[in-house]
Amino acid sequence: MASTSSRKATSDKIVRRKLSDQVLDKLRDMILSHELKPGDFMPSERALMERFGVGRPAVREALQSLHNSGLISINHGERSRVNAIDASTVLNQSDEIARLVLSTVPANLEHLKQARQMFELGMVRLAAQNATPQDIADLRSIHEEQSLNMQDANAFIEADMRFHTRLAQISGNPIIVAVSEAMLKWLFEYHVSLLHWNGKEDVTLAEHAQMIDLIEKHDADGAVEMMTRHLARSAAVFEIKG
C-alpha cells in the first residue's frame, strides 16, 4: 500500500492541459459573460487563433466541443453561430446517457415510467387550471389528426407525443415543456410497435378526448384521475426492445 506521503506527492503533480481545453474554457466564458449572445456569429478561426495565440487545430477542436455540447451550431460553409441556452439544450445533451442508462439497467425504465407519471399528473392539473380556449382548440386539432392516423404507427405515435407536449405547454413553463419532451423521447426509444395494439388506439383516443373535456371544464381533479388511468393502462406498451 502506498504511503500517505507518496499519494500526496502524486496528487500534487501538475498536469499540463491541452491547448484546445484551454481555448474551450475561454470560449465558454465569452458565451456565459454575454460577450457572445445567442444568434451571434462566432469569431473566425483566424481571429480566435490570434486572440488566444494558438494554432488552428486547437481552435477547431474547441469549436467542435462547443458544437457537441449544443452551445453553438456548425454548418458547412458558414460561420459558427451561438445557440440559445435553455433547458432543452441541457436535456438534449443527456440523450445518449439516457439511452445507455435505460438499455444497460432495465429497472431504470420502470423508474422513468414512474417519474413520468408523477410529472404528468402535476402537468395535467396545471393544464386544467390554466387552459384557454385556444389551448383546447389546439388539443382537439391534435386529437383529430391522431384519429386520422390509426393505421400509420409512426404518425399515431408522433401525434400522441405532440398531444402530451401541448399539455405541457399550457403551463407556460419552458422547463416543464423541456422535461416532458425529453421523457417522452426516452420512452419512445423503447416503444413496442403500435401495429400490434389490437384496437387499443381507440382506447387511447377516447381517453384523450375525455381528458380534453375535463380540462375544458377546468376539472383539475377529474383530469388528474383520467391521466392516472391513461398512464396506468399505457405503461405496459413501453418495454425494452429485444
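Let's start inside helix H7 (residues 107-130), where you'll find Glu-120. The helices here are DSSP runs of H or I with at least four residues, numbered from the N terminus. This is a predicted model, so local features need pLDDT of at least 70 and side-chain atom pairs count only at pLDDT 80 or more, while totals for chains, interfaces and linings use all residues. Residues are numbered from 1 along each chain as its sequence is written, and side-chain values use heavy atoms, leaving out hydrogens and water.

Is Glu-120 buried or exposed? Glu-120 is buried, with a relative accessible area of 1%. Buried means under 20% relative accessible area, exposed means over 50%, and partly exposed is in between (1.4 Å probe, protein chains only). Leaving aside neighbours within four places in sequence, Glu-120 is in contact with His-164, Ser-180, Leu-184, Met-227 and Leu-231. Contact here means heavy atoms within 4.5 Å.

Ser-180 and Leu-184 also turn up among the buried residues of H10, a helix covering residues 174-188. At 1.5 Å a residue, its 15 residues should span 21 Å, and its end C-alpha atoms are indeed 21 Å apart. That expected span is 1.5 Å times one less than the number of residues. At the start of H10, a side-chain oxygen of Asn-173 gets to within 2.9 Å of the backbone nitrogen of Ile-175.

Next, how do H2 and H3 cross? The axes of H2 (residues 19-32) and H3 (residues 45-52) come within 12 Å and cross at roughly 105°. Axes are lines fitted to C-alpha atoms, for helices over the stretch in contact, with angles from 0 to 180 degrees between N-to-C directions. The two helices are therefore roughly perpendicular to each other (angles of 65 to 115 degrees). On the H2 side, Val-23, Lys-26, Leu-27 and Met-30 meet Leu-48, Arg-51 and Phe-52 in H3.

Now for some loop residues. Arg-17 touches Gln-22 and Asp-25, not counting residues up to four places away in sequence. The table shows where Arg-17 and two histidines sit.

| Residue | Loop | Relative accessible area |
|---|---|---|
| Arg-17 | between H1 (4-11) and H2 | 43%, partly exposed |
| His-34 | between H2 and H3 | 52%, exposed |
| His-218 | between H11 (200-216) and H12 (220-234) | 45%, partly exposed |

What about phi? Most residues other than glycine have a negative phi. His-34, though, has a positive phi of about 70°, and phi of His-218 is positive too, near 60°.

Methods: Angles under 35 degrees count as roughly parallel, over 145 as roughly antiparallel, 65 to 115 as roughly perpendicular and the rest as oblique. A polar contact is a pair of N or O atoms within 3.5 Å; within protein, one must be able to donate a hydrogen and the other to accept it, and residues adjacent in sequence count only if both atoms are side-chain atoms.
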